[in-house]
Amino acid sequence: MTAYEKLKAARHSHRPTGAEYIKNIFKDRIELHGDRRFGDDAAIIGGIGFLNDIPVTYIAIDKGADIESRIKKNFGCPKPEGYRKALRLMKQAEKFSRPVICFVDTQGAFCGADAEERGQGEAIAENILEMMGLKVPVISIVIGEGGSGGALALACANKVYMLEHSVYSVISPEGCASILWKDASKVEQAAEVLKITAEDMKRLNVAEDIIPENFDSFGEMCGNIANLLYRDVKELSALTPDEIREERYERFRCFGVYSENK
Amino acid sequence: MLDAIRGRLRNVLTPETIQCKSCKAEIPKSKLKKNLMVCPECGTHLRMDARSRIALIADKNSFKEMFSTLQSSDFFNFPGYQDKLEKAQETTGENEAVICGTLKINGQEAAVFVMDSRFIMASMGSVVGEKITRIFEYAEKNSLPVIGFTASGGARMQEGVVSLMQMAKVSGAVKKHSDAGHLYITVLTDPTTGGVTASFAMQGDIILAEPKALVGFAGRRVVEQTTKSKLPDNFQTAEFLLEHGFIDNIVPRAELTKTLSSLLCLHKKKEAECNDSIRKAQSRTA
């Protein structure tokens, strides 16, 4: 598959949404709402549930499964209150020593005037800052689109996974094409040059590994994801809280390609 | 050919002027520079390059540059990137879009990073991220405050997802510096947008901005298309952010050094140190 075909697959409306992964992976779930400041953004859902025998906090960007819920969820483009809700749940998880599991699926943070007014940039900045300091394990899975800062705001994790046909990018290929070639229709080339596929992420160490997709046996696929998450949570929980944080810092500290003449 | 000669002649005969982007007045470059790149006609704060900004706030000869040899590379073979880098280096005389180091303001030491929008719109690639991360790590180790001047079009598309990761990398260093109890002041300058707004620009303990600086996450045109309505004129300006509670204050350029000096002084851990630097500052102005 070309990068563009993967992009289309990642955006496909029949793809399982964040809510479906949560339903299939965690048991005895309690959903929690609101950012305690402004509202409850339906684009981000979160709560507490069991991953096997371990209580965890789960957070997902959810695009919605039908047109009605997609409108309600703003097509998976979170607003500042969504990011602030996610941060509230993460800080709560830290207080009660619960690991945090995030599912990322967004074309990007919402770009409306109301989002700007309420500090979209500040909300994402605060999430990234605080996530980099969390003393509990954080694992993020990109299940569809990983769109720029709006995705990173839920992906400053100890471990990041990509679903087979998910993508992760600094800018939408459409945006890149219109800047680069003043022609938004050159999406295919842009998708290629931006390096957005799961394989690219693994090669660049942006993701630890790629999770195979099998939507025909979705229950089984989620069972495998649960096993993977359980293994990682167990492994990370053996570290001290400070070590967990330091491990995450070192993970991100390595990113960058440059030369240096000393 | 003839046009080129005429153009060069014109430059020699008449002093070089810069047009104010706001009132469109043609102002001689030298006059504008003397006025800190603030339009004498309408008060608009025009963009200032990083070296001039350092000269503006630093005590004479106190600036020591760090990490200046870091070089970007076109590791994705991204169309046009190598050219862009070379051109930017040529026109600015700088290696990259941010300058880092230590300086003194009225005798008080601080670590600084200053972004320069002339260099590929000060977009954040590996080198920008690495230099800013290092200055925070250095400041943490040496118990120094950090003052950061932001200006950026956002992440550097030409470095793909690696540029996105810089947001997390820098933020990790900001967080460590912060948890160690050190001060971080950001000064948002025109324009601060995208991934820089969505990371270290908005992570300061104290966030200042220059008058009318454009500060936002998404571009105005994108917001307009999404919202499908006309936006207020002051949308995404420093004044708009102050009104909505996202910055601490707006500081005109002429008052910047004094404000930064006072803030550093107010965060001194020992009273004696503060009194000492005030005395020094007073003796200098006397």
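A polar contact here is a pair of N or O atoms within 3.5 Å, where, within protein, one atom must be able to donate a hydrogen and the other to accept it. With that in hand, let's walk through the place where chain A and chain B meet, bearing in mind that this is a predicted model. Between the two chains, 19 residue pairs are in polar contact, both residues of each pair being at pLDDT 80 or more.

Which elements of chain A supply this side? Those giving two or more residues include helix H5 (113-117), helix H6 (120-131), helix H12 (241-253) and strand E9 (258-260) of chain A. H6(A) is the top contributor, with eight residues. Sorted by kind, the residues on the side of chain A that touches chain B come to 28 nonpolar, eleven polar and eleven charged.

Now step back to the overall extent. The size of an interface is often given as the accessible area lost when the parts come together. For chain A and chain B, the buried area is about 4400 Å², and carbon and sulfur atoms give 69% of that. In terms of contacts, 50 residues of chain A touch 51 residues of chain B.

Charged side chains also meet across the boundary: the rule finds six salt bridges between chain A and chain B. You can look at one joining Glu130(B) to Arg253(A), with an N to O distance of 2.9 Å.

Finally, follow the backbone from one chain to the other. E9(A) pairs with strand E4 (residues 70-72) of chain B in the antiparallel sense, over three bridges. Within this pairing, Ser259(A) has Gln71(B) as its bridge partner.

Definitions and conventions. Residues numbered from 1 in each chain as written. Chains lettered and ligands numbered in written order. Predicted model: local features only at pLDDT ≥ 70, side-chain atom pairs only at ≥ 80, totals over all residues. Heavy atoms only, no water. Contact = heavy atoms within 4.5 Å. Buried area = accessible area lost by both parts, 1.4 Å probe. Salt bridge = Lys/Arg side-chain N within 4 Å of Asp/Glu carboxyl O. Polar contact = N/O pair within 3.5 Å; in protein donor to acceptor, adjacent residues only side chain to side chain. Helix = DSSP H or I, 4+ residues; strand = E, 2+ residues; numbered from the N terminus. Nonpolar A, V, L, I, M, F, W, Y, C, P; charged D, E, K, R; others polar. Pairing = 2+ DSSP bridges.
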